[in-house]
Amino acid sequence: NIPNAKMDMSFLEQCMIFNGTFDAETHTHSALIDVEPSKDDDDDDATAATEESEDHFDEKAVVIQSYARGMIARKKFQNRERLALDCTRSRAGHGIMKEKTKRVGIEANIRAIKQILTSNKELWESCKDNLRGEKGTHITKFIRTGFFHVQVVTDDDNVIFSTKPEHNIKFFDTQSLVSIPEKLSGIFEVKYDDDLHVDFASLVERVQLLHEDVLAPFLVKLMEHLQSINESLSEISTWISEPSDYLKFLTKTFELEKDLDIPDEESLKKHLHNEVLKERDMGYDLSIRAKFDIELEAERIMLGKVLELVSN
């Protein structure tokens, strides 16, 4: 009899481990038909039993082959299914990692922006007292007071080096403080602070309501703009603070016991006399009249040479 299609798999597995081969033409499996014939005394019965056994195993081999093919097909299907599942999980994991990376990048940019805002505020506080132009304009006038020139004159035999406090005025581009670039406009209403500058701190808080896909590139562009503001304010702050460097130069060059006092704006109006830095009696008549701009490195060098000449 042909084995039932629901043949016990343990039997199938046992058959599959035989070291035989299946003959596709005769539908026989050597491992299944390579059996010892019956040793019954009745040769005819034994032969018939053997032939019947061969036919029976022959049919079993066909069924086993079918089961084997089915097992292989199922195994391939399971492998493909597992591979597809792994790919899906990999894509999902990649997507999650990408989202996490994006979130980390956004948070890092927000922290960096807040640090730049803090720096910009400190820089502006160091500059705004020197502002003399209108607030909220694209070009702003700033003023500073200091000693910027050294005069050299002769009086009979004497050579006198002197200086006096002065005002310097300079105009700076402050457009980045009072407006936002077009690529950042149109998303939120622009608000201004008491100095008529764009309130970027408020803007940073509001833009965090945006979807991450919009927020991420917006923050990058905003950070670039705030960095440009930082550079502009640094330039203004440096210009305002330079007079203290010129004071140090004068103190060192003329070996002053202490730095000269820079008067405030009101005191400057009353400060009409020159501060004598050095006076030298040459012992002979000499005529010198010169003015050196100590903001310029080249003129500071020339001043040093003249001072060396009269000191020898």
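## Close-up views of a predicted model

**View A. K183, a partly exposed lysine with a relative accessible area of 48%.** Everything shown here comes from a predicted model. K183 pairs up with E224 in a salt bridge, where the closest N and O atoms sit 3.9 Å apart. E224 belongs to helix α6, while K183 is in the loop between α4 (175-178) and α5, so this pair ties together parts that lie 41 residues apart in sequence. E224 is partly exposed too, at 47% relative accessibility.

**View B. K114 and E205, a salt bridge between two helices.** Side chains of opposite charge can pair when their charged atoms come close. Here the side chains of K114 and E205 meet at 3.8 Å, N to O. K114 comes from helix α3 and E205 from helix α5, so the contact links parts of the chain 91 residues apart in sequence. Neither end is tucked away under the 20% cut-off for buried: K114 has a relative accessible area of 39% and E205 has 46%, so both count as partly exposed.

**View C. E297 and R300, a salt bridge within helix α8.** The closest N and O atoms of this pair are 2.5 Å apart. What separates E297 and R300 along the helix? About one helical turn, because the two residues are three apart in α8, which covers residues 297-311. E297 is partly exposed, with a relative accessible area of 47%. Elsewhere, R144, E242 and E295 are joined into one network by salt bridges that share partners. The structure holds seven salt bridges.

**View D. The largest pocket, with a volume of about 410 Å³.** Its lining takes in 18 residues, and L117, N120, K121, D193 and V198 are the ones nearest the centre. Which helices each supply at least two residues of that lining? They are α3 (43-127), α5 (200-207) and α6 (212-253). The biggest share comes from α3, with six residues. Sorted by chemistry, the lining of the pocket splits into nine nonpolar, three polar and six charged residues.

**View E. L247, a buried leucine in helix α6.** Its relative accessibility comes out at just 10%, which means L247 counts as buried. Leaving aside residues up to four places away in sequence, L247 touches F147, D259, L260 and I262. One of those partners, D259, is 12 residues away along the chain, and the C-alpha atoms of L247 and D259 are 6.3 Å apart.

**View F. Confidence along the chain, from helix α2 to strand β3.** The protein chain has a mean pLDDT of 79, with 69% of its residues reaching 70 or more. Where is confidence lowest, and where is it highest? The low point is helix α2 (residues 30-33), at a mean of 45, and the high point is strand β3 (residues 139-146), at 95. Residues 1-24 stay under 50, and the model gives that stretch 39 contacts beyond four places in sequence. Residues 45-54 are also below 50, and there the model has six contacts beyond near neighbours in sequence.

Note on methods
Residues numbered from 1 in each chain as written. Predicted model: local features only at pLDDT ≥ 70, side-chain atom pairs only at ≥ 80, totals over all residues. Heavy atoms only, no water. 1 Å grid on protein atoms, 1.4 Å probe; cavity = no way out; pocket = protein on both sides within 12 Å on 5 of 7 lines; lining within 4 Å. Points joined across faces, edges and corners; volume = space filled by probe spheres on them. Helix = DSSP H or I, 4+ residues; strand = E, 2+ residues; numbered from the N terminus. Nonpolar A, V, L, I, M, F, W, Y, C, P; charged D, E, K, R; others polar. Salt bridge = Lys/Arg side-chain N within 4 Å of Asp/Glu carboxyl O. Buried < 20%, exposed > 50% of the residue type's maximum accessible area, 1.4 Å probe, protein only. pLDDT = per-residue confidence, 0-100. Contact = heavy atoms within 4.5 Å.
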